[in-house]
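Work through the exercises below with the sequence and the model side by side. Try each task before reading its solution.

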Amino acid sequence: MGDAKKKIYEYLIEGATSGLTDDALYSFIIKKVPKANSKRIVRAGFLALSDPSLTDRTILNVIYALAIKHRLAGDAFEEEADSGDSSTEMAETSASKTEGATATGKKRKK
């Protein structure tokens, strides 16, 4: 396990056991580990969920909620970026076809 992931994992458990949840827990981890980001926190969260030594249901629920929240937030961000990129690409492709047709002197069929 990488150094940053191990630190994130440890602070995730420490914060959850001290009663932090959601944004407070996320901020706690970010303050303790400057290299932490949503992706690393999600990975550390899922690693914690698979740890057989963690048996407190409340702590597991807090970690699960944080990991899922940031995992879904990452997917929503990627989907928005993908949908924005594809419409831009389609517009650019359409514009280049129009320019190509007029540059060669041929008219486009309707």
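A crossing of two helices is called left-handed if the near helix is turned anticlockwise from the far one by less than a right angle, and right-handed if it is turned clockwise. The model is predicted, so local features are used only at a pLDDT of at least 70 and side-chain atom pairs only at pLDDT 80 or more, while totals for chains, interfaces and linings use all residues. Residues are numbered from 1 along each chain as its sequence is written, and side-chain values use heavy atoms, with hydrogens and water left out.

**Exercise 1. The overall plan**

Task: State how many helices and strands the protein chain has, and what share of its residues is buried.

Solution: Begin with the secondary structure, where helices (H or I, at least four residues) and strands (E, at least two) are DSSP runs numbered from the N terminus. The protein chain has four helices and zero strands, so that, by this numbering, its elements read α-α-α-α from the N terminus on. Next comes burial, where buried means under 20% relative accessible area, exposed over 50%, and partly exposed in between, with a 1.4 Å probe and protein chains only. By this rule, 23% of the 110 residues of the protein chain count as buried.

**Exercise 2. The length and the buried face of α1**

Task: Compare the expected span of α1 with the distance between its end C-alpha atoms, and then find where its buried residues lie around the axis.

Solution: The expected span of a helix is 1.5 Å times one less than its number of residues. For the 15 residues of α1 this gives 21 Å, and the end C-alpha atoms are 21 Å apart, which agrees. The buried residues of α1 are Ile8, Tyr9, Leu12, Ile13, Gly15 and Ala16. Seen down the axis of α1, these buried residues fall within an arc of 165°, so they line one face of the helix; the arc is that of the directions from the helix axis to the C-beta atoms. Glu10, which also belongs to α1 (residues 3-17), is partly exposed, with a relative accessible area of 41%.

**Exercise 3. How α1 meets α3**

Task: Describe the crossing of α1 and α3, and name the residues that make the contact.

Solution: Axes are lines fitted to C-alpha atoms, for helices over the stretch in contact, and angles run from 0 to 180 degrees between N-to-C directions. The axes of α1 and α3 (residues 38-49) come within 9 Å and cross at roughly 65°, and the crossing is right-handed. On the side of α1 the contact (heavy atoms within 4.5 Å) is made by Ala4, Lys5, Ile8, Tyr9 and Leu12, and on the side of α3 by Arg40, Ile41, Arg43, Ala44, Gly45, Leu47 and Ala48. These residues divide into eight nonpolar, one polar and three charged, where Ala, Val, Leu, Ile, Met, Phe, Trp, Tyr, Cys and Pro count as nonpolar, Asp, Glu, Lys and Arg as charged, and the others, Gly among them, as polar.

As for α3 itself, its buried residues are Ile41, Val42, Ala44, Gly45 and Ala48. Seen down the axis of α3, they fall within an arc of 165°, so they line one face of the helix.

**Exercise 4. Two buried residues and their contacts**

Task: Which residues, beyond the neighbours within four places in sequence, are in contact with Tyr9, and which with Ile63?

Solution: Take Tyr9 of α1, which counts as buried at 13% relative accessibility. Apart from those neighbours, Tyr9 is in contact with Ala44, Leu47, Ala48 and Asp51. Then take Ile63, whose place is in α4 (residues 57-103) and which is buried, with a relative accessible area of 1%. With the same neighbours left aside, Ile63 is in contact with Leu12, Ile13, Ala16, Gly45, Ala48, Leu49 and Leu54. The C-alpha atoms of Ile63 and Leu49 are 14 residues apart along the chain and separated by 7.4 Å.

**Exercise 5. A loop residue**

Task: Is Val33 buried or exposed, and which residues does Val33 touch?

Solution: First locate Val33, which lies in the loop between α2 and α3. At 4% relative accessibility, Val33 counts as buried. Not counting residues up to four places away in sequence, Val33 touches Ala4, Lys7, Ile8 and Tyr11. The C-alpha atoms of Val33 and Lys5, 28 residues apart along the chain, are separated by 9.4 Å.
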